[in-house]
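Got your viewer open? Let's take a walk through this one together, one selection at a time.

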Amino acid sequence: MPVVDSDPRIPERTSLNSLTGMRPFAALLVFAIHILQPFDPIKPTGPINPFGDKDVADGLYDFFAPAGYLGVSFFFLLSGFILTWSLRPGDRVTHYLRRRLVKIFPNHLVTWGIALALFAGAYAPVGAWLSSLFLVNSYSTDAALQMGVNPPAWSLCSELLFYMLFPLALLAVSRIRLNRLWLWAGTMVACTVGVGLVTTYIVTDSPKNPIIPLSMTQMWFNYTFPPMRLFEFILGMLLARIVMAGKWPRIPAAAVLGLLVAGYAAALYVLPPFNFVSATIIPFSVAIGAAASADIRGARTYLNGRFMVWFGNVSFGFYMCQGIVVFWGRPALLGADTYSTPVAVLVVIGYFLATLLAGWLLHVLVEKPAMRAWSRSRRTPPRSDPAAPREAEPVAAG
């Protein structure tokens with residue numbers, strides 16, 4: 001059964017390198033909040049944040065507090081967009097699912113095994129080992145299971161749900177009339193607000209979370225429970241259809257940048273859970289649509305330069321290694337020590353470079369070989385179109 005039949009309305013697909021080049025900014029947001037954590041999330045005996053000046057440490061943490069949440073939202077949007085854009089006409093469900101599973105599981109299994117050997121085996125219950133291994137841990141309300149083994153891998157539970165539901169979602173999205181796409185996109189935005197309202201007024205508000213003014217159950221329902229993230233993914237699919245139909249307006253880059261800055265500023269002041277998604281859902285949507293449209297026009301941007309595209313391609317590995325390099329490596333190498341501001345900046349840069357190196361090695365030694373070996377059955381001919389877009393990559397999440 002094909003995922004989608006050939007559709008004459010779909011234009012010849014352009015490689016959307018600018019979208020790949022946007023991934024590093026979201027990945028850096030996630031890294032920033034990870035390295036600035038006031039305590040070690042694996043073994044809370046000391047800070048991850050290396051800044052010894054409390055005012056500086058608190059100020060940086062407060063400024064980047066929404067960063068990880070927003071990075072997650074951006075990647076879920078992007079996933080829906082790129083999966084819709086890159087789908088091959090006539091592609092069979094079995095071939096599509098094979099590619100998706102091979103895309104996420106090799107990196108996941110390697111980092112899961114390393115994390116289990118280095119630290120998680122000593123504290124995580126066996127249930128966390130298994131639920132994390134099979135990417136079902138985010139369905140549990142137990143925090144020990146949600147972030148078990150390699151903590152950042154929780155977001156792959158949502159990605160796996162997206163991948164499994166994508167063929168069905170595409171049947172619905174492809175049947176929406178072109179003049180209704182914007183209406184449905186607005187509906188998805190409203191649904192993200194609705195999730196926040198249900199979280200605030202219906203989901204139990206106790207016991208309290210020690211970090212943010214939500215209960216652990218509210219945090220789970222709004223942030224880590226995979227079905228609640230489907231609205232962002234489907235919005236990404238709708239945005240792809242709008243762009244593919246030539247209905248996206250041309251928006252100046254300065255306006256897009258201003259909207260992103262305004263969205264982040266709003267996220268600093270809007271109370272949780274609305275600063276997780278709702279504050280930036282429209283700015284992120286505009287940025288993705290504008291970048292894709294620029295690539296279609298053949299415009300040169302800073303985003304589709306060689307370095308940004310390279311960084312975007314290794315960003316999945318960069319993300320998957322953060323739990324090991326930052327959460328385990330920081331206290332393992334430096335203990336609970338904190339430093340003067342100049343030295344702390346060097347520590348942050350050092351851990352960024354170490355994480356980037358680890359992510360690149362994971363990309364080169366695991367991800368790419370696995371995709372070459374297993375993403376296509378022996379009977380499936382390779383794609384002959386040299387301009388065909390890259391496969392959608394999984395989220396890099398915080």
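In which loop is the place of L135? Select L135 and you'll find yourself in the loop between α5 (126–133) and α6. Before you look around, keep in mind that this is a predicted model. L135 isn't a glycine, yet its phi is positive, at about 55°. That's worth a pause, because most residues other than glycine have a negative phi. L135 is also buried, with a relative accessible area of 1%.

**Next stop: V149 and N150**

Move along the chain to V149, in the loop between α6 and α7. V149 is a residue other than glycine with a positive phi, near 65°. Its relative accessibility is 0%, so V149 counts as buried.

Now click on N150, which sits in the loop between α6 (143–146) and α7 (154–173). Is N150 buried or exposed? Buried: the relative accessible area of N150 is 2%. Show its side chain and follow it to the backbone oxygen of M320, which it reaches at 3.2 Å. Leaving out residues up to four places away in sequence, N150 touches T111, A115, M320, G323 and I324.

**Along α7**

Colour α7 and run your eye down it. Its 20 residues should span 28 Å at 1.5 Å a residue, and the end C-alpha atoms are 27 Å apart, which agrees. Where does α7 bend? Look at F166: the bend there is about 55°, and the proline P167 follows within four residues. Of the 20 residues of α7, 15 are buried, so the helix is largely enclosed by the rest of the structure.

**Over to α14**

Select residues 322–334, which make up helix α14. There's a kink of about 35° at W328, shortly before the proline P331. Which residues of α14 are buried? Highlight Q322, G323, I324, V325, V326, F327, G329 and R330. What do they pack against? Turn on α1 (17–35), α4, α13 (306–320) and α15, and you have the partners. You've met two of these buried residues already, as G323 and I324 are among the residues that N150 touches. Step just past α14 to G335, which takes a positive phi of about 65°.

**Charged pairs**

How many salt bridges does the structure hold? Four, and we'll visit some of them. The general idea is simple: side chains of opposite charge can pair when their charged atoms come close.

- Pick K103 and E367, a salt bridge whose closest N and O atoms are 3.0 Å apart. K103 lies in helix α4 (residues 93–123) and E367 in helix α15 (residues 341–374), so this pair ties together parts that are 264 residues apart in sequence. K103 counts as buried at 9% relative accessibility, and so does E367 at 2%.
- Pick R99 and D91, whose side chains meet in a salt bridge at 2.5 Å, N to O. R99 is buried, with a relative accessible area of 5%, and D91 counts as buried at 6% relative accessibility.
- Pick E232 and R229, whose side chains form a salt bridge at 2.8 Å, N to O. E232 is buried, with a relative accessible area of 2%, and R229 is buried too, at 0%.

**Into the nonpolar core**

Which residues touch the most other members of the largest nonpolar core? Select L19 and F81, which hold that place among its 108 residues. The largest share of this core comes from helix α3 (residues 67–86), which supplies 13 residues. Zoom in on L19 and, ignoring neighbours within four places in sequence, show its contacts: L78, F81, I82, I288, A291, A292 and D295. There's also a second, separate core of six residues, including V195, V203, F221 and M228.

**Last stop: two cis peptide bonds**

Most peptide bonds are trans, so the final two selections deserve a look. Go to the bond from S206 to P207, which is cis with omega near -5°. P207 has its place in the loop between α8 (181–201) and α9 (216–224). Then jump to the bond from P272 to P273, which is cis with omega near 5°. You'll find P273 in the loop between α11 (253–269) and α12 (281–297).

Note on methods: Residues numbered from 1 in each chain as written. Predicted model: local features only at pLDDT ≥ 70, side-chain atom pairs only at ≥ 80, totals over all residues. Heavy atoms only, no water. Core = buried A, V, L, I, M, F, W, Y, C linked by side-chain atoms within 4.5 Å. Buried < 20%, exposed > 50% of the residue type's maximum accessible area, 1.4 Å probe, protein only. Contact = heavy atoms within 4.5 Å. Polar contact = N/O pair within 3.5 Å; in protein donor to acceptor, adjacent residues only side chain to side chain. Expected span 1.5 Å × (residues − 1). Bend = angle between axes of the 7 residues up to and from the residue.
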